[in-house]
Amino acid sequence: MNESGNVGMKKIWQGQPVEGIPMSVQQIRKQAGKFEKQIVWRNVREYAGALIAAILFGFSFATSHDPLFRSAFGLLIAGLVYVAYQLHRKGSPKSLPAQMGAVSCLQFHRSELERQRDLVGNVWSWYLGPLIPGLALLTVAMAIADPRPGNIGGLILMAAIVAAFFVFVGKLNTRAARSLQRLIDELSTAEGAR
């Protein structure tokens, strides 16, 4: 075959309607249970990290006598509390009810995937953003406490590293949101096959 024949066959093949893959109730329950466990462990890790950081910032708050440092540590603690609250409120998994048919299970699992997709897709508003004021104020407090050029250069470097880390975390969460969207699309295809 020549090149144009290959292109035509490829277009025909790609243009075929895709059949949904039917899923049993057990398969849906298994996927939903596995997803729920992943979310529970993610939340446990996040809560533990927030608690450890809050304890460290709390110790620094209690031992510092500088009002600017105390304000920065207070803002950081408040940011961590807000993050943990939002994670609990928006990101806690819901358990799949025991008595559901296949369509209801599929719809429930898809809605949970959508909730988590929306949560990780908006990570700047509830997770990263609330920590920025405290970090910025801490950087300013450190610059005022030691205004030597070497210290300022170190603070700029530290701020750049923190900013790069935040961008990295944001991109990871955007990628996770896309992965969840693919799962949602697969479930929608499976639901269409019923």
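**Exercise 1.** Place arginine 117, found in helix H4, among its contacts: which residues outside its neighbours within four places in sequence does arginine 117 touch?

*Solution.* The model is predicted, with local features needing pLDDT of at least 70 and side-chain atom pairs counting only at pLDDT 80 or more, while totals for chains, interfaces and linings use all residues. Residues are numbered from 1 along each chain as its sequence is written, and side-chain values use heavy atoms, with hydrogens and water left out.

Step 1. Helices are DSSP runs (H or I, at least four residues), numbered from the N terminus.

Step 2. With contact taken as heavy atoms within 4.5 Å, the partners of arginine 117 are Ala177, Leu180, Gln181 and Ile184.

Step 3. The side chains of arginine 117 and glutamine 181 are also joined by a polar contact of 2.5 Å (N or O atoms within 3.5 Å, one able to donate a hydrogen and the other to accept it; residues adjacent in sequence count only if both atoms are side-chain atoms).

**Exercise 2.** Describe helix H2 (25-63): what is its span, and which of its residues are buried?

*Solution.* Step 1. H2 has 39 residues and covers 56 Å from first C-alpha to last.

Step 2. The expected span is 1.5 Å times one less than the number of residues; for H2 this gives 57 Å, close to the model's value.

Step 3. Buried (under 20% relative accessible area, 1.4 Å probe, protein chains only) are Ile28, Ala32, Phe35, Ile39, Arg42, Asn43 and Ala50.

Step 4. Residues three or four places apart point the same way because an α-helix has 3.6 residues a turn.

Notes
Helix = DSSP H or I, 4+ residues; strand = E, 2+ residues; numbered from the N terminus. Buried < 20%, exposed > 50% of the residue type's maximum accessible area, 1.4 Å probe, protein only.
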